[in-house]
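Thanks for coming, everyone. Let me put the model on the screen, and then we'll walk through it.

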Amino acid sequence: MKKTLIAMLATSALTAPAVAQDVPQIGAAVYGLNAEFMQIWSAALEEHPAVQEGLVDITIFDGRYDALVQQEQFETMITQEFDAIIFVPIDIEAGATAVEAASEAGIPVVGSNTRVNSDLLHSYVGSDDVRSGYMLARYVLDQIGCEGNVVILEGPIGQSAQISRLEGNMQALAECPDVNILEQQTANWSRAEAQTLMENWLTSHDGEIDGVIGQNDEMALGAIEAIRAAGLSVDDFAVAGIDGITDALVAVQGGDMASILQDARAQAQGALDVALAAVKDDYEPMSDIWTSYTDMPWNAGADAEYSVPWTPVNDENVEALLATRQ
Amino acid sequence: MEAKQTAPAQAAQAQDAWKQQLAAYGQKYGILIALVLICLVLAVVNEHFLSTRNILNVLRQTSINGILAIGMTFVILTRGIDLSVGSVVALAGIVAASLATTSSTAMVAGGPYPALLAIAIGLSVGMACGAVSGVVVARFAVPAFVATLGMLSAARGLTLLYGDGRPVPALTPEFRWIGTGEVFGIPMPVILFAVVFLVAWWVLNSTRFGRHVYAAGGNPHAAEVSGINVKRIRLMVYVISGALAGLAGMMLAARTGSALPQAGIAYELDAIAAVVIGGTSLAGGVGRVTGTVIGALLIGVVNNGLDLMGVESYYQQVIKGVLIVAAVMLDQARHRRE
Amino acid sequence: MPPPLLEVKEVTKSFGGVTALSDGRFKLERGTVHALCGGNGAGKSTFLSIVMGIQPRDSGSILRDGAEVTFRTPGQALAAGISIIEQELSPVPAMTVAENIYLGREPLAVFGRVDFRTMNANAQALLDELHFGIDARTVMMDLSVAELQLVEIAKALSYDAEIIIMDEPTSALGEAEADQLFAAIATLKAQGKGIVYVSHRLSEIFEIADSYTVFRDGAYVGSGAISDVTREALIQMIVGRPLTEEFVKENVPGTDQALSVRGLNSLNHVKDVSFDVHRGEILAVFGLMGSGRSEIFERLFGLVEDMGGEIALDGKPIRVSSPAQAIDHGLAFVTEDRKGSGLVLSASVRANICMAQLAELGFGPVMSPQREGKAARDMIDKFRIKTATDLLDVAGLSGGNQQKVVLGKWFLTEPKVLLLDEPTRGVDVGAKREIYRVMSDFAAAGGAVVMVSSETDEVLGMADRAIVMRDGTISGELSRAELSADRLVHLAA
């Protein structure tokens, strides 16, 4: 991480890094590095075998959660004639202009993790949020036996992940008509906000809540803290979240919740392989993800979309996953 | 003159005086009355509102903003403002957490250290941030808005640098006690909030330093001529605000079980809102820490009540906005009368 | 004979059962200056606010050129040719003179653009007609206080005002600046305007007014031509009891040196100033604004950087680099600007009185409300401060009582040397006399007083000796026997 930050500082000063002529230069424009998921993503990118072996030069740009900053970083990369760009946009619409500019300059753009509304994208390597929303709700509903009451902690209303995950939640809930949604409110992906919300719900729906559908792990963890603070047993609630952040893995290990891992590593390394395939002729993917995810065939790196499967975190895989976070 | 007045005129006058007195009380205790009224309405509308558990919930949910707002009261009394508290919350929280975590990735070598040491260091980090803001404001005469805006950005950046932008999880149970513990059934955050309030009340009302704060804010020139070291007072209030932000940051980390680098974003706005609703004048020299606590409780009660009633959180923001402006309008009306 | 410009008959006003004005009467003739006199609380402010349409009257009538009028807003009064120049001016400092005069009424050219050429020309014509000698394109913040007032007058006339009310116009002016204002008033008089002149300074009233009206306790007391009244009679009407002497002076200067100053310098206009003041002595420092008279005090009190010079107290050399040190040595400084640097207006009488002595009124860092309350009440009694309790905000007190609170604050520190900067500015005649008594008693008890004053009467009445400042240095020293208004003004200018 430190190295990345230094690299960011260097490039933000518009000093072109000294690179050997034959090594392709690829930029990764991510929406922001303040949260754990994008940090895992960035770390995975740098651990890609091609980077480790010096076959490609990677620069990561922190978009600081601002669409305009990302656009300016694109302009920088175009000026410096990067060979390809991996793009994790903050905004599905605002990112399109940046992609268009890069495309005009002949630089392929590979999307990763979050979508951008553009036909000019070379390819997209990400996971389907509707699917995860469905898996999330399905898990909670299975735990409570398809009857009882649930609450939904939503992401910021209007963000694409919130919209898609809610769509998936609703698909699963439609399969259990006997389940009541007691409350459905945004906690803005925040653990502290979810904790306050859940504390208040536990008061107003005393003894009625059976399941908590957290659209991300942070909010699910906030709900768990609220349950504990109210002197209740977490075992009496079915709680689940999405992302597989470290705290959530620990909670899964302790039997407090379920999480669905969004494989940041596969998204990052997959995107880099696809980008390299666009730059180099006859490139063969170097990351091991293509062998571990048999549902996602390489197809010569030419697919318009690669859907990285979601992995439910359970007793069998949690130890191994936690080991990767050390 | 008086003797010539007729009985009805005297009666009308008496009624007039009575009305004026009522209006004066209304303005003096307006915020408290508003809080009581809102509580009454919520108690009628929602059966759970007045339950012990919910009251403790409200107090617990208010404690962090309340403590920040108390620190902010000191600063605003001296005509200043501290925009950096939200970032200091994150920085102090993550530094203290790194000393009190069992997670091997985030731990400072040799840890976990005793909770008391972690807390002492967290408080020191907060005070150091406050001291830097304070020196910039007092010694270099930079407007408080600008100085603490700088600190807002710098402390957030330091937080991300310190923790590599990652959260610090797995805090020791001893450290978490300040956020989740209870004494005689009262949650620790509520106890800390009460202690901070009582100490702040005592400092502002009973100590020489308190007198100096009011004088330095009411009229810095007059205070200086009266032999008060206004620069030192200005420095001190930022140190107090920083220390309390540090405490709040550690409570937040202890409460959520993990110190997040993005914790406390925009917390300064809620703290300022509580101070303003509580009747402290942004022009300095006028205000009570009691009012601030009532202001913080008002925000907490409204958020809690709307959650209980299942009202969308976006309404809460609108209502908070209306409250802030209404409180200041009330304050202005009082000043016009005077 | 034409009807008077303005005539007010039996106007009354009460606030919530408290009568503020029970019988307001006033008659202003064309081409005259009419002084409105009265102590604080006499009802002058209420009277003026009714005339200006700021507050409605309960009963009575106002006649403008013989016709009955009722103003509901200041705008209506202005439209009827009545304009007020407030004691505290509120110009827009970054705008030019012309922009201030025509604020909100800027002449417009095509497309709503402000026609600066016309505006500047009109403003300049107005200023020249009045012989003010001000360039209409000057930025307001570059003007002196007196010039700001002249601009206000020009602004009033730009509204075609026939009646101009001036509320304490000289309170922030030095002698020479006041003369400039008086010349302007003479011009207005010659043009047939009527001036209502409100001032606590009797000497000014006798210098420029043609007639007077006195209010006391919210009621009309009397009126007449200035030429028919003596100073003593006017004071008696204002305070309501015979005043034997305007000044109180019972101290006798001693020979022990209290404060000795040698070669004092400061960044702000003090150049090599040396003087002594003895125990029991009242030393006046006379000078124009900017002559360095107040700056001496700022340097003595540690408010500005030490740029050289020696200070000795009771023969022992002392160093003063902060007000706290000055207070410890036994100096007390009553500043010129009561609201700006004397009082914390938002705080109580008690808090203000105790402010310079907090360390002595508690136990360590903890304050003792009992001791503070006692100290405050002692000073309230000593200075006869009119306040219901010591916990009231000082903002609610009259100017004279506020000044006594400032004095109380400093007497609580039991000073050896009292530095007074314009101690009676904006204070009514009755309160003035009490302040003079305090000064006299303090000196008589062995204290030393240094008093900056721009009122020659005050210097003549109170000082045992005077030094006159000009351009940061002492231009002369006069003993009590040598003191005269002419000499003071001569040395100062």
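How are helix 8 of chain B and helix 11 of chain B oriented to each other: roughly parallel or roughly antiparallel? Hold that for a moment.

Ground rules first. This is a predicted model, in which local features need pLDDT of at least 70 and side-chain atom pairs count only at pLDDT 80 or more, while totals for chains, interfaces and linings use all residues. Residues are numbered from 1 along each chain as its sequence is written, and chains are lettered from A and ligands numbered from 1 in the order in which they are written.

Back to the helices. Helices (H or I, at least four residues) and strands (E, at least two) are DSSP runs, numbered from the N terminus. Axes are lines fitted to C-alpha atoms, for helices over the stretch in contact, and angles run from 0 to 180 degrees between N-to-C directions. Helix 8 of chain B, residues 188-206, packs on helix 11 of chain B at about 170°, and the axes are 11 Å apart. The two helices are therefore roughly antiparallel. The classes are: under 35 degrees roughly parallel, over 145 roughly antiparallel, 65 to 115 roughly perpendicular, and the rest oblique.

Who makes that contact? Two residues are in contact if their C-beta atoms, placed from the backbone, lie within 7 Å. Helix 8 of chain B brings B:Pro189, B:Leu192 and B:Val196. Helix 11 of chain B brings B:Leu244, B:Leu247, B:Met251 and B:Arg255. By class, that contact has six nonpolar residues, no polar and one charged. Here Ala, Val, Leu, Ile, Met, Phe, Trp, Tyr, Cys and Pro count as nonpolar, Asp, Glu, Lys and Arg as charged, and the others, Gly among them, as polar.

Helix 11 of chain B also packs with helix 9 of chain B. The angle is about 105°, with axes 10 Å apart. That pair is therefore roughly perpendicular. B:His212, B:Val213 and B:Ala216 of helix 9 of chain B meet B:Val230, B:Ile233, B:Arg234 and B:Val237 of helix 11 of chain B. The split is five nonpolar, one polar and one charged.

Now the chain interfaces. Of the two pairs of chains that touch, B and C have the most contacts. 25 residues of chain B are in contact with 29 residues of chain C. On chain B's side, helix 1 (7-28), helix 9 (208-218) and helix 10 (220-225) each supply at least two residues. Helix 9 of chain B has the largest share, six residues. Chain B's side toward chain C holds nine nonpolar, 11 polar and five charged residues.

On to chain A. Here 32 residues of chain B are in contact with 29 residues of chain A. Helix 3 (52-77), helix 11 (230-256) and helix 13 (289-308) of chain B each give two or more residues. Helix 3 of chain B gives the most, four residues. Chain B's side toward chain A has nine nonpolar, 17 polar and six charged residues. And A with C? No contact joins them, and their closest C-alpha atoms lie 37 Å apart.

Inside chain A, look at the sheet. Six strands form an open sheet in the order 2-1-3-4-5-11, with parallel pairing. Strand 2 (57-62) and strand 11 (305-307) of chain A are at the edges with a single partner strand each, so one side of each has no neighbour in the sheet. The twist averages 20° from one strand to the next.

Last stop, chain C. Domain 1 is 6-239 and domain 2 is 257-492, with bounds from an automatic or database domain assignment. Their centres, taken over C-alpha atoms, are 32 Å apart. 15 residues of domain 1 of chain C are in contact with 15 residues of domain 2 of chain C.

Which residues cover the two faces of strand 8 of chain C? On one side, C:Gly194, C:Val196 and C:Val198 are buried, and on the other, C:Ile195 and C:Tyr197 are buried. Buried means 20 or more other C-beta atoms within 10 Å of a residue's own, with C-beta atoms placed from the backbone; 12 or fewer is exposed, and in between is partly exposed. Strand 8 of chain C pairs in the parallel sense with strand 3 of chain C (33-37) over four bridges, and with strand 7 of chain C (163-167) over five. Pairing takes at least two DSSP bridges between strands. C:Leu36 stands opposite C:Val198, and C:Ile164 stands opposite C:Ile195.
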